[in-house]
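Hi,

Here is the structure I said I would pass on. Have a look at it first, and my notes on what turned up follow underneath.

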Amino acid sequence: MVVFDKVLVANRGEIAVRVLRTLRELGIGSVAVHSDADANARHVREADEAIRIGRASARESYLCIPAVIEAALRTGVAAIHPGYGFLSENAEFARACEDNGIVFIGPPVEAMRAMGDKIAAKTRVAAAGVPVVPGRHDLGMTDSDLAAACESVGFPALLKPSAGGGGKGMRVVRHSGEVGAAAESARRESRSSFGDDALLVERYIERPRHIEVQVAADRHGNVIHLWERECSLQRRHQKVMEEAPSVWVTPGMRDRMGAAAVDVARSCAYTGVGTVEFIVDSTSAEDFFFLEMNTRLQVEHPVTEAITGIDLVRWQIEIAEGRELPLTQEEVGLTGHAIEARVYAEDPATGFLPSSGRLMLVHEPAEQGSLGRWPAVRVDSAVESGDTVGSDYDPMIAKLIAHGPDRAQALARLHQMLSETAYLGVTTNTAYLGRLLALSDVVNGDLHTGLIDEHTELAAPEDVPDDVLAAAALERLISITPAAPGGDPWMRGDSWRLGPRAWASWRVRGPGAVAVDVFARGTPERAKIRIGDGEVMLASVHASDGRLTVELEGDQRSYWYARTSATLWLSRDGQTWRLVELDRLDAERTESAGVGAVVSPMPGSVIAVYVKPGDPVASGDPLVAVEAMKMEHTLHAKGDGVVLEVPVSVGQQVAMDAELVLLGSRDARGEEETGEHA
């Protein structure tokens, strides 16, 4: 048995911060690695040491095995913790650690390879008596083989990368005509994410539940499970919320799934902490099928920690040191219910496109309460006020975890946490999560992996409420009102004049809203507010430490706020609004100008160009695909027309609002002329 004195964390973001937390508690020294983009990131600030490993691109930093190994050797660490994502399931990285005398805090290379290849894994676990989803898992299938396999399995079918996980590269095909395009897209994303484009085919189970079992195994032959997690709330095969235990799983099914998960771990001589994922037919309380094994820590591990009282990162470290598991299967407890929500820097109203920018204010719920080892209200976060959210990596910035004696109380606590959360400077999904949590099917536990897709209305943009517009006007009134009375009245910046005080006005635009004129008159202590042509309202405002306290017509509300130039961010009850002040001439011009240009909705990299100058296009045709934060977004034509210009090429980095394609329209005689936005 060895005892680690210093560990390098080969990751970034909230998981790096999470691992550092346990290393501090164990008194183990820590080393953070970072790219140029993360030079001042939170995980860098919190580690004992930090070392640069490359440029912003993940392939030149966090995915660069030689750079990470060199950093470990230079800093003299005993072990490397890979977190999740990046190199955490890369067998070549684990082998490189071994070759250089560094302990990899994870499973053996052979176990990673056995479970990393989904085709071989299905065969292995089926031989161990674990049920698997019907499908074809032949090695090296061509696109023609995939099409034949889909016909054999039956539609709908699911194309899945053999390597990797996390839903990357998965495509559902519902008829033979979709297979070719789906395979091309799946292979491209799989190559980008995992460096491997091999695909397999499975029967696609409609309305399934996704349930996974946490396992732990030491080097002394002990293998146990730590109950199950319900991970059915997903969007694009990416988990959004997770909970433990599952309300669907009966005691008998829990025992059978736990035993099957242990069999999977034993089938590949697994050691460490890992997760066995099952897909469950929601029409049956008994049928479940092996999906895959993730040979690493999972994003959702905190809900298991909450109900068991176990620190899974500590277990990972102690297993890697050669210690035995501290608990037997019979000693693993299950207390209460826990739910986790993932906070992403993304805009649900624009199809969940990633958002980037400087976080001017971060307010997260304070950790509090306890039903055991962990707080009942817990935040695993990657950011603090002043940090920058870039577009180079995954957009998840935090996780909110609520633990209660039962599911109803856990839900209530998570609702409260979301209402207290604010990230000003980027658009996040916190308000969307609150709406999802209030959905009757979620409250009742009637979950399946397609539930989110059935409720697209939850992501619809909302008009800015009048109270928020009033708060914006009052904040602006503060900024133009002199800090102290006196002095030359003609030099005052507010609406002072001889005679009655004039109305000060601003035109603002918010998400889901047209430009609105807001009016304010008076002082912050005694003001009158009007929204557009509406009624005059009496108001007052007090500002302190990023907080606006507004009294409007006798009703008092509080808002987090931050301002940069002409942009004001306001947050209330977990909902954030970005309000942009517009010059009237610019606002009117924006309403009617810019026809013909298809612009990038986010900063990123062009990964596909489907058209060239002179091509005719019809409404819905794909034009260009842009990738940012591991998300691929394809822009489509919104009307019929012709391509006039394509000023970008594959591999080119583009900024938000960069022109990608210029479209024109043809009149009845076929003459080209400038058309409308696609």
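Let me start with the sheet that has the order 3-2-1-4-5: an open sheet of five strands, with parallel pairing. Its edges are strand 3 and strand 5 (103-104), and each has a single partner strand, so one side of each is left without a neighbour in the sheet. Before going on, do keep in mind that this is a predicted model.

On the strand 3 side, the partner is strand 2 (residues 29-35), which runs parallel to strand 3 and is joined to it by five bridges. If you want a place to zoom in, take Val33, whose bridge partner in strand 3 is Ile51. Helix 1 (residues 13-26) lies across strand 1 (6-9), strand 2 and strand 4 (79-81). Relative to strand 1, helix 1 runs at about 170 degrees.

Go past strand 3 and you get to Leu63, in the loop between strand 3 (49-54) and helix 3 (65-75). Is Leu63 buried, partly exposed or exposed? Its relative accessibility is 25%, and buried would need under 20% while exposed would need over 50%, so Leu63 counts as partly exposed. Leaving out residues up to four places away in sequence, Leu63 touches Ala58, Phe86 and Leu87. Leu63 and Asn11 are 52 residues apart in sequence, yet their C-alpha atoms are 9.3 Å apart in space. Phe86 turns up again in an aromatic cluster, together with Tyr62 and Tyr393.

That brings me to the rings. A search of the whole structure gives six aromatic pairs. One of them is Phe278 with Phe288, an edge-to-face pair at 5.2 Å centre to centre with 85 degrees between the planes. Phe278 lies in strand 13 and Phe288 in strand 14, so this pair ties together parts that are ten residues apart in sequence. Phe278 and Phe288 are both buried.

Then there is Phe352 with Tyr432: the ring centres are 5.1 Å apart and the planes are at 85 degrees, so this pair is edge-to-face. How many residues apart in sequence are the parts it ties together? The number is 80, because Phe352 lies in the loop between strand 16 (346-347) and strand 17 (353-354), while Tyr432 is in helix 13 (residues 430-437). Both Phe352 and Tyr432 are buried.

You may also like two places where an arginine sits over a ring. The charged end of Arg378 is over the ring of Trp374, 4.0 Å from its centre. Arg530 lies over the face of Phe519, at 4.2 Å from the ring centre.

Next, helix 9 (residues 251-267). Helix 9 has 17 residues and reaches 24 Å from its first C-alpha to its last, close to the 24 Å expected at 1.5 Å a residue. Its buried residues are Met253, Arg254, Met257, Gly258, Ala260, Ala261, Val262, Val264 and Ala265. What do those buried residues pack against? Two helices, helix 5 (109-116) and helix 6 (118-127), and also strand 10 (208-217), strand 11 (223-235), strand 13 (272-281) and strand 14 (288-294). Just after helix 9, Ala269 takes a positive phi of about 55 degrees.

Strand 10 has a residue worth a click of its own, Gln214. With a relative accessible area of 1%, Gln214 is under the 20% cut-off, so Gln214 counts as buried. Among the residues Gln214 touches, not counting those up to four places away in sequence, are His225, Trp227, Arg229, Thr275 and Leu312.

Last up is strand 15 (residues 337-344), where eight of its eight residues are buried. Both faces are covered: His337, Ile339, Ala341 and Val343 are on one side, with Ala338, Glu340, Arg342 and Tyr344 on the other. Strand 15 pairs in the antiparallel sense with strand 12 (residues 238-244) over four bridges, and Met241 has Ala341 in strand 15 as its bridge partner. Strand 15 also pairs in the antiparallel sense with strand 23 (residues 396-404), over eight bridges. There, the bridge partner of Glu340 is Ile401.

Cheers

How values were computed. Residues are numbered from 1 along each chain as its sequence is written. This is a predicted model: local features need pLDDT of at least 70, side-chain atom pairs count only at pLDDT 80 or more; totals for chains, interfaces and linings use all residues. Side-chain values use heavy atoms; hydrogens and water are left out. The expected span of a helix is 1.5 Å times one less than its number of residues. Buried means under 20% relative accessible area, exposed over 50%, partly exposed in between (1.4 Å probe, protein chains only). Contact means heavy atoms within 4.5 Å. Two strands pair if DSSP finds at least two bridges between them. Axes are lines fitted to C-alpha atoms, for helices over the stretch in contact, and angles run from 0 to 180 degrees between N-to-C directions. Rings of Phe, Tyr and Trp (its six-membered ring) pair if their centres lie within 6.5 Å; planes under 30 degrees apart count as stacked, over 60 as edge-to-face and the rest as tilted. A charge sits over a ring if NZ of Lys or CZ of Arg is within 6 Å of the ring centre and within 35 degrees of the ring normal.
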